[in-house]
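The following exercises concern cysteine pairing, ligand contacts and burial. Please work through each task before reading its solution.

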Amino acid sequence: MQSEVWDVAVVGGGHNGLVAAAYLARAGLSVTVLERSQHMGGAAVSHQVFPDFDARLSRYAYLVSLLPDQIVEDLGLSFRTLARPVSSYSVSKSESLLIWPDAHERSAANFAQLTGGVDEFKAWQTFYAELGHLARVLAPTLLQKLPTRSELRQKVGSGIWQQLIETPLGQTLQARFSSDLVRGLVLTDGLIGTFANADDLRATTCFLYHVVGNGNGQWRVPEGGMGALVNQLLASCARSGVSLHTNTAVTALQRDAQWEIHTQNQKTLRARFVLANCAPAHLQALLGQTTEPCSDGSQLKVNMLLRKLPRLKNGMDPRLAFAGTFHLNETFTELQSAHAQAAADRMPQIIPAEMYCHSLTDTTILAPELLSQGYHTLTLFALHLPASLFDHAHDQQKALALERLMQQLNQHLEDPIETCLARTANDLPCLEAKTPQELETEVNLPRGHIFHGDLSMPFREDDAPATWGVETPDPQLFLCGAGAVRGGGISGIPGHNAAQAVLEQLGLVN
Ligand SMILES: Cc1cc2nc3c(=O)[nH]c(=O)nc-3n(C[C@H](O)[C@H](O)[C@H](O)COP(=O)(O)OP(=O)(O)OC[C@H]3O[C@@H](n4cnc5c(N)ncnc54)[C@H](O)[C@@H]3O)c2cc1C
């Protein structure tokens, strides 16, 4: 690669880097993607985590909502997502609530059983109808230049805008719902990967990203696992002639008339444009700038392989309980209390968490012999565990968090989770956990932040210039990853938008 000159070099082969590369190569530009790790995909990968078993787990990211159908169509991806038969099942202490995706009557009955009346379900329906309206307005703007605050407010309507965008989420939930369990269930969408109190506007922003995907906010299972998306993106890149390099960490970026891109292999490339799929903090370091501190990532991701689904003490069918999002100890009070303890640098006594059993929806991720024996995958995503809790005595803190989580889970299980875990040939339980620090090492996420940094509202102020949300002070350098405005999650949106920004500058946009 000594003397190569490219139209575009992409720093990082996460799914967004691949989306950007595919769009640009299809437009006729020469594009290279430089990825530091051994594999492309970043946090969007499937992996045979337990080598003794042919089960391909979505090791990091696991559900898809934000990926616009338009990107799938434009890039010719043979990729689909599957609806889950249950929306969610929430348990805390002696309370529980099962919500179906479409069966309103059955959901209404479950709400009535929980709250003793019909009002809570009515409030739920009204709230989600308003969110649906907001989602339908916002979703089509995500692949366009940033709309202004006023434009959006006008389209959404000032009442809904005020409630859902300007008011802290915690306040809205306390005003609209009476049940602690229901309030918490809604709040969790504002806390995924975001260490925030319910009244922190960062929770409102995070919430927005979780409810607008494709205009319906549905979170669906990627068929074949998250790696299936990346395999399709790699095929699309290959069809368009993108040059792909793994094991190629970019170590510095310098600029004269063109960009000079230095890699760990002591090789230097030249390119007219650079797209940074790495986190903004890392881009600053590559440019030799002082890096701004990044907020803490705030989760523990646990991947498990089960030889059987555990039965629940309350008699609920586990094939229903685990089919959607299983919320564990996520009442509003429990979430707020966990946040307060973690903010005071203490491991929460009760750690809120969510679980997902993908193999109940997508059987293709398990080998037929595992399926026939009743094996299942189980993902647990625990909230309010900021990186700061693991900075000192990392391994002990990780063990403590896991011990608490398993104990809390077992309080609801007839079969303790340890008795359900598959075991390796060496008799080790099939369970791996990733702290923010481990995510930083493996995926290069600063402080383990799953969105490369806190999310920003998906619009611009009225007096700000019209941009794609991917621009930097240098006109030939763009962000194309989660750290862009409208970046977080498995969406391909910042990849698409960075490609559009380059094409626009070259006068190649239709
Ligand atoms: C545990 C976990 C669970 C998640 N769950 C979900 C989920 O269920 N649904 C969802 O929508 N989102 C989820 N997310 C968030 C989502 O995965 C990210 O927002 C998304 O992966 C961002 O994609 P990206 O391509 O922008 O960046 P990344 O996936 O972070 O990829 C960036 C790539 O750049 C590479 N790189 C960095 N620096 C350099 C360098 N100097 N040189 C070369 N290469 C470099 C990295 O190695 C990496 O491959 C989750 C994230 C994590 C970590």
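A residue is called buried under 20% relative accessible area, exposed over 50%, and partly exposed in between, with a 1.4 Å probe and protein chains only. The model is predicted: local features need pLDDT of at least 70, side-chain atom pairs count only at pLDDT 80 or more, and totals for chains, interfaces and linings use all residues. Residues are numbered from 1 along each chain as its sequence is written, and side-chain values use heavy atoms, with hydrogens and water left out.

**Exercise 1.** Determine how many disulfides the count gives, and classify Cys278 as buried or exposed.

Solution.
- Step 1: A disulfide requires a pair of cysteine sulfur atoms within 2.5 Å. The count by this rule is zero.
- Step 2: For Cys278, the nearest cysteine sulfur belongs to Cys480, 8.2 Å away, and Cys278 is in no disulfide.
- Step 3: Cys278 has a relative accessible area of 15%, so this residue is buried.
- Step 4: Cys480, likewise in no disulfide, has the sulfur of Cys278 as its nearest cysteine sulfur. Cys480 is buried, because its relative accessible area is 0%.

**Exercise 2.** Describe the shell around the ligand by residue class and by domain, then identify polar atoms that lie by ligand oxygens.

Solution.
- Step 1: A residue belongs to the shell if one of its heavy atoms lies within 4 Å of the ligand. The ligand is surrounded by 35 residues, the closest being Glu35, Leu63, His452, Gly489 and Ile490.
- Step 2: The shell divides into 19 nonpolar, 13 polar and three charged residues. Here Ala, Val, Leu, Ile, Met, Phe, Trp, Tyr, Cys and Pro count as nonpolar, Asp, Glu, Lys and Arg as charged, and the others, Gly among them, as polar.
- Step 3: At least three shell residues come from each of domain 1 (5-47 + 61-80 + 226-294 + 450-505) and domain 2 (82-222 + 296-447); the bounds stem from an automatic or database domain assignment.
- Step 4: Polar side-chain atoms lie 3.1 Å from a ligand oxygen for Arg36 and 2.8 Å from a ligand oxygen for His452. A polar backbone atom of Ile490 is 2.7 Å from an oxygen atom of the ligand.
- Step 5: On its own the ligand has 1,000 Å² of accessible area, of which the protein covers 97%.

**Exercise 3.** Is Ser243 buried or exposed?

Solution.
- Step 1: Ser243 is located in strand β9 (residues 243-245).
- Step 2: Ser243 is buried, because its relative accessible area is 18%.

Note on methods. A polar contact is a pair of N or O atoms within 3.5 Å; within protein, one must be able to donate a hydrogen and the other to accept it, and residues adjacent in sequence count only if both atoms are side-chain atoms. Accessible areas come from the Shrake-Rupley method with a 1.4 Å probe; for residues, only the protein chains shown count as cover. Helices (H or I, at least four residues) and strands (E, at least two) are DSSP runs, numbered from the N terminus.
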